[in-house]
Amino acid sequence: MAFKVVTRGFEVRSGGEDEVLDITSDVREAVAASGLSDGVATVFVVGSTAAITTMEYEPGLVKDFPEMLERVAPKSGIEYEHQRRWHDGNGHSHVKASLVGPSLSIPFVKKGLALGQWQQVVFVEFDVRPRTRKIVVQLIGE
Amino acid sequence: MAFKVVTRGFEVRSGGEDEVLDITSDVREAVAASGLSDGVATVFVVGSTAAITTMEYEPGLVKDFPEMLERVAPKSGIEYEHQRRWHDGNGHSHVKASLVGPSLSIPFVKKGLALGQWQQVVFVEFDVRPRTRKIVVQLIGE
Amino acid sequence: MAFKVVTRGFEVRSGGEDEVLDITSDVREAVAASGLSDGVATVFVVGSTAAITTMEYEPGLVKDFPEMLERVAPKSGIEYEHQRRWHDGNGHSHVKASLVGPSLSIPFVKKGLALGQWQQVVFVEFDVRPRTRKIVVQLIGE
């Protein structure tokens with residue numbers, strides 16, 4: 001089969017700070033639509049106050065994960081230099097996003113992503129207001 | 001040379017919580033066996049309570065890295081929502097795994113991985129019991 | 001168009017601990033010079049005491065991001081096992097580097113990286129002295 005790059009962008013609308021959205025089906029659909037059998041899916045969020053990772057998507061962890069990050073980069077009680085310069089109230093959002101990271105690489109084989117049964121691809125919103133976000137899923141393979 | 005995708009899965013048996021295993025030789029062998037010269041190696045752990053990263057694999061850091069994460073997501077003293085719902089005692093394991101992340105991308109050139117001399121590819125077990133884990137190494141290149 | 005792998009290494013000289021350098025233009029130049037239109041850029045730092053991520057590169061966050069990590073892995077006040085064994089004063093540098101991670105994958109389309117306007121690719125030095133670092137940018141695509 002021929003090698004191909006297939007890039008698909010889609011938008012998500014986040015409800016606001018610390019929302020975690022399951023985007024696994026979007027990645028699966030991109031693989032299915034690509035016609036590719038084997039390769040790598042790169043999932044990338046555009047912007048500097050959101051992140052991509054995997055987790056077991058269930059209502060408990062959807063709270064626990066942001067709470068862990070609140071301990072690391074609290075919204076209040078710390079003077080962020082970003083805040084002193086820009087006054088947009090999201091210094092903590094930025095540092096959390098840089099820590100978790102914007103990209104994820106997932107192999108797929110015979111059109112199936114190498115995810116575990118309890119492992120979903122998630123988008124995490126760290127900004128302090130609802131945002132429309134662009135996520136890029138790019139597939140390279142054959 | 002022709003472009004190829006070569007995917008290889010292997011299993012590791014972890015001894016339990018916070019064990020760090022050096023899997024560099026597995027990645028190296030996958031590159032050697034692929035016949036590829038230049039490309040990217042994607043290393044991905046299947047499951048939501050383990051992670052992949054790089055470190056200098058020596059007995060000190062193998063303790064220091066999990067201890068840092070214990071400060072971020074302590075096993076005791078924090079009420080995890082995951083625990084309240086599922087009672088499996090591993091809420092802290094999940095959030096640490098999502099933070100470190102399940103995937104790593106390493107370029108290789110002339111069959112050699114772009115790792116430093118003191119930089120190994122490691123698997124980190126965060127779950128509270130020994131687990132058999134599947135790791136996928138996928139090579140794309142020519 | 002034909003599929004290709006193009007690998008480019010370059011060096012950065014860091015000024016010392018916690019310095020954050022914007023390397024976006026290096027990645028852009030690698031894409032431009034490759035002749036490739038669509039594919040994935042893998043950015044990888046060689047070594048175990050530095051990391052790659054994205055952030056809005058401005059003077060505030062350049063301080064806030066290392067300060068967050070200092071809370072997670074303080075330079076003083078914690079006895080690192082790495083220090084007890086090697087006495088090189090950089091146990092905290094190692095664990096921070098493993099947490100943030102050495103690799104980043106960014107899709108590019110029509111020669112343009114999928115970065116946001118306020119999202120730069122950054123190198124972060126965690127070691128306790130200035131270092132000359134090798135960064136690998138590898139492009140795979142067509």
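Visitor: When do two strands count as paired in this predicted model, and which residue of β5(A) stands opposite A:Ala41?
Guide: Two strands pair if DSSP finds at least two bridges between them. Strand β3 (residues 39-45) of chain A and strand β5 (residues 103-109) of chain A pair in the antiparallel sense, over six bridges. Opposite A:Ala41, in β5(A), stands A:Ile106.

Visitor: Which strands stand at the edges of the open sheet of chain A?
Guide: The sheet is open and has five strands in the order β1-β8-β3-β5-β6 (chain A), with antiparallel pairing. The strands at the edges each have a single partner strand, so one side of each is left without a neighbour in the sheet. They are β1 (4-13) and β6 (112-113) of chain A.

Visitor: What angle does the direction of helix α1 of chain A make with that of β1(A)?
Guide: Helix α1 (residues 24-34) of chain A packs on the sheet. The helix touches β1, β3, β5, β6 and β8 (132-141) of chain A. Its direction and that of β1(A) make an angle of about 150°.

Visitor: By what turn can chain A be laid on chain C?
Guide: Two copies of a chain are related by a rotation about an axis and a shift along it. Here the shift along the axis is 0.0 Å and the RMSD is 0.0 Å. The relation is that of a three-fold axis, and the turn is 120°.

Visitor: Why do the copies, chain A and chain C, meet through different surfaces?
Guide: The reasoning rests on how many interface residues of chain A are also interface residues in chain C. The copies meet through different surfaces because that share is only 16%.

Visitor: Which residues of chain C is A:Glu81 in contact with?
Guide: A:Glu81 is found in helix α3 (residues 81-86) of chain A and is linked with A:Glu79 and A:Arg84 in a network of salt bridges. Its relative accessibility is 17%, so A:Glu81 counts as buried, the cut-off being under 20%. Leaving aside neighbours within four places in sequence, its contacts are C:Gly60, C:Lys63 and C:Asp64.

Visitor: How many residues apart are B:Asp18 and B:Lys96, whose side chains meet in a salt bridge?
Guide: The salt bridge between B:Asp18 and B:Lys96 has an N to O distance of 3.7 Å. The pair links distant parts of the chain, with B:Asp18 in the loop between β1 (4-13) and β2 (20-22) of chain B and B:Lys96 in helix α4 (residues 91-100) of chain B. B:Asp18 counts as partly exposed at 22% relative accessibility, whereas B:Lys96 counts as buried at 0%. In sequence, the two are apart by 78 residues.

Visitor: Is A:Asp127, which meets A:Arg131 in a salt bridge, buried or exposed?
Guide: The side chains of A:Asp127 and A:Arg131 meet at 2.5 Å, N to O. A:Arg131 is partly exposed, with a relative accessible area of 23%. At 3% relative accessibility, A:Asp127 counts as buried.

Visitor: What is the phi of B:His87, which is not a glycine?
Guide: Most residues other than glycine have a negative phi. B:Asp18 has a positive phi of about 70° although it is not a glycine. B:His87 lies in the loop between α3 (81-86) and α4 of chain B and is exposed, with a relative accessible area of 59%. The phi of B:His87 is also positive, at about 50°.

Methods. Residues are numbered from 1 along each chain as its sequence is written. Chains are lettered from A and ligands numbered from 1 in the order in which they are written. This is a predicted model: local features need pLDDT of at least 70, side-chain atom pairs count only at pLDDT 80 or more; totals for chains, interfaces and linings use all residues. Side-chain values use heavy atoms; hydrogens and water are left out. A salt bridge is a side-chain nitrogen of Lys or Arg within 4 Å of a carboxyl oxygen of Asp or Glu. Buried means under 20% relative accessible area, exposed over 50%, partly exposed in between (1.4 Å probe, protein chains only). Helices (H or I, at least four residues) and strands (E, at least two) are DSSP runs, numbered from the N terminus. Copies are superposed by least squares on the C-alpha atoms of residues with pLDDT of at least 70 in both. Contact means heavy atoms within 4.5 Å. Axes are lines fitted to C-alpha atoms, for helices over the stretch in contact, and angles run from 0 to 180 degrees between N-to-C directions.
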